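Here is a short, friendly briefing to read alongside the structure. Keep the viewer open and follow each topic in turn.

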Amino acid sequence: MALENFLPTDDIRTLFSTSMSRMYQQEVPQYGILMQLVAEVNEQTLASEPALQQQLHNNGELERLSLERHGAIRVGTAAELSMLRRVFAIMGMHPVSYYDLSEAGIPVHSTAFRPTDEASLQQNPFRIFTSLLRLELIEDETLRARAAKILAQRDIFTTKARELVVLAETQGGLTADEAQLFIAEVLETFRWHQHATVDLDTYQALQQAHALIADVVCFRGPHINHLTPRTLDIDTVQQQMLSVGINPKVVIEGPPRRRCPILLRQTSFTALEESIFFTGEQVGTHTARFGEIEQRGMALTPKGRTLYDELLNRSRHKQAQADNQTHQRLLATAFAEFPDDEHSLRTQQLGYFRYNLTEAGRQQAELGSTNSELDVLIKAGLIQATPITYEDFLPVSAAGIFQSNLGSISHQAYAHNANQAAFEQALGCPVIDEFSLYAKLQDDSIQQVLQALGA
Ligand code: OOG
Ligand code: NI
């Protein structure tokens, strides 16, 4: 079949993200309320900051502003994870980064399936944060065996979805009709089930071991547990959630508010307690599903990231259970050491930048070659540098999101336990290193401008 008959993977991803959004808003009405609040605050922010509006307009981001940026799921077995890798590849989403959450007392390790090249990110940056349960961290051997047996009995994919994955792989893509069908079938995997696959006793035993284990093991599939739109002002949305009747988690995760935003700030409304029908006609409840918002800033280099981790850690040592205001104040104090102007961030190599020709640079490029170095050309106003947006996740923040949404039961840290090799074996391929993606974007843009100027 000719290649041009296939729907571009970016379009398949958009079909997926919009279908998921529709399904989730039907399933969790509070999420629809959050979306509305986010849209209102975004509108107010744009109205009061014309420069921001112009910038988003120039980058072609305005139309996509209200599209979700990510969602999250949790799976139980290596087979489920590796099949998901194949499903997401058809949507142009590939596993980037390894996140160990066991250190924070959550028995999973994770990756994010996301588009990796600039054009695809520009089209639709939708990602799925995907966690694999680590049964080996359940201490009780009998319970561990019981959980493994329950998981072995389920197939989270429909037969048709499996067929369409094979079809896409063998013909190298899907036509628009096939893609529609594919997304409809894949949606089934992420749907909520009010009926558990186990009895209440089993659920409670697993819940006792860890709330997350019960969430993964006791249902027919990995229900989508949240979706996350982009906000232009996370502090305001956090403040206003209560007034629209949704309950925010206590603190905003990530760095403090800054002039030059870095990495990722996130908050959520706490998960709902929902009725569940267990086998044997028993009724109970389960807490899993919530809504989240995110605000992204600049991607940091390994040097910048080390500084971020260090300052975050320092602020954490100072606080026990602080409210958000106190938390943000302590963060701001600790982060006073983190340069907050683009020039310092760039020249101290703390953040990644994209280099473009300015108008003067374009004129110069027409005239002929210049004989200078990057910094000289920037000073001369021929080249400008703009921050590259962070597209990944932060393990400490992710742990905070997990914890505030698993009900009241918390668990102490598992012994230091990162195991990227085991995760990659389950996944069926290595994860992509996030830093190498940002470095390449930066380097390519430098090559391009220097070449254009003949430098
Ligand atoms: C995933 C929590 C992590 C984020 O945005 O950091 C996450 C989960 O609860 O399954 O989504
Ligand atoms: Ni999230």
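Helices here are DSSP runs of H or I with at least four residues, strands are runs of E with at least two, and both are numbered from the N terminus. By that rule, Gln328 has its place in helix α13, which covers residues 324-334. Please bear in mind that this is a predicted model. The points below cover two sheets, three helix pairs and two buried residues.

**The five-stranded sheet**

- Start with the open sheet of five strands, whose order is β2-β3-β4-β1-β6 and whose pairing is mixed.
- Its edges are formed by β2 (94-100) and β6, each of which pairs on one side only.
- Ignoring direction, neighbouring strands of this sheet are turned against each other by 20 degrees on average.
- As general background, strands of a sheet pair through backbone hydrogen bonds, in either a parallel or an antiparallel way.
- β2 and β3 (residues 108-114) run antiparallel and are joined by five bridges.
- If you would like one pair to pick out in the viewer, His94 has Arg114 in β3 as its bridge partner.
- Helix α17 (residues 395-404) lies across β1 (68-75), β2, β3 and β4 (127-133), and it runs at about 75 degrees to β4.
- Helix α18 (residues 420-427) also packs on the sheet, where it touches β2, β3 and β4. The direction of α18 makes about 55 degrees with that of β3.

**The three-stranded sheet**

- A further open sheet has three strands in the order β5-β8-β9, again with mixed pairing.
- β5 (195-199) and β9 (282-287) are its edge strands; each has a single partner strand, so one side of each is left without a neighbour in the sheet.
- From one strand to the next, the twist averages 45 degrees.
- Two bridges link β5 with β8 (residues 273-279), and this pair is parallel.
- Within that pairing, Asp199 has Thr279 of β8 as its bridge partner.
- Helix α9 packs on this sheet and touches β5, β8 and β9, with its direction at about 85 degrees to that of β5.

**Helix pairs**

- α4 (residues 78-89) and α7 (residues 159-171) pack at an angle of about 55 degrees, and their axes are 10 Å apart. The two helices are therefore oblique to each other, and their crossing is left-handed.
- On the α4 side, that contact is made by Met83, Arg86 and Val87, while α7 contributes Arg162, Val165, Val166 and Glu169.
- α7 also packs with α8 (residues 176-189), at an angle of about 140 degrees and with axes 9 Å apart. This pair is likewise oblique, and α7 passes α8 in a left-handed crossing.
- Here Lys160, Ala161, Leu164, Val165, Leu167 and Gln171 of α7 meet Glu178, Leu181, Phe182 and Glu185 of α8. Val165 of α7 therefore turns up in the contacts with α4 as well as with α8.
- α6 (residues 141-152) and α9 (residues 200-209) have axes that come within 11 Å and cross at roughly 120 degrees. They are oblique to each other, with a left-handed crossing.
- Leu143, Arg146, Ala147 and Ile150 in α6 meet Asp201, Thr202, Ala205, Leu206 and Ala209 in α9.

**Two buried polar residues**

- Is Thr231 buried or exposed? Its relative accessible area is 1%, so Thr231 is buried.
- Thr231 is found in the loop between β6 (226-229) and α11 (234-240).
- A polar atom of the Thr231 side chain lies 3.0 Å from the backbone nitrogen of Asp233.
- Beyond its neighbours within four places in sequence, Thr231 is in contact with Val38, Asn42, Val237, Ile293, Glu294 and Gln295.
- Back in α13, Gln328 counts as buried because its relative accessibility is 13%, and the cut-off for buried is under 20%.
- Which backbone atom lies 3.4 Å from a polar atom of the Gln328 side chain? That atom is the backbone oxygen of Ile252.
- Not counting residues up to four places away in sequence, Gln328 touches Ile252, Pro256, Arg257 and Arg265.

Technical notes: Residues numbered from 1 in each chain as written. Chains lettered and ligands numbered in written order. Predicted model: local features only at pLDDT ≥ 70, side-chain atom pairs only at ≥ 80, totals over all residues. Heavy atoms only, no water. Buried < 20%, exposed > 50% of the residue type's maximum accessible area, 1.4 Å probe, protein only. Polar contact = N/O pair within 3.5 Å; in protein donor to acceptor, adjacent residues only side chain to side chain. Contact = heavy atoms within 4.5 Å. Pairing = 2+ DSSP bridges. Axes fitted to C-alpha atoms, helices over the stretch in contact; angles between N-to-C directions. Parallel < 35°, antiparallel > 145°, perpendicular 65-115°, else oblique. Left-handed = near helix turned anticlockwise from the far one by under 90°.
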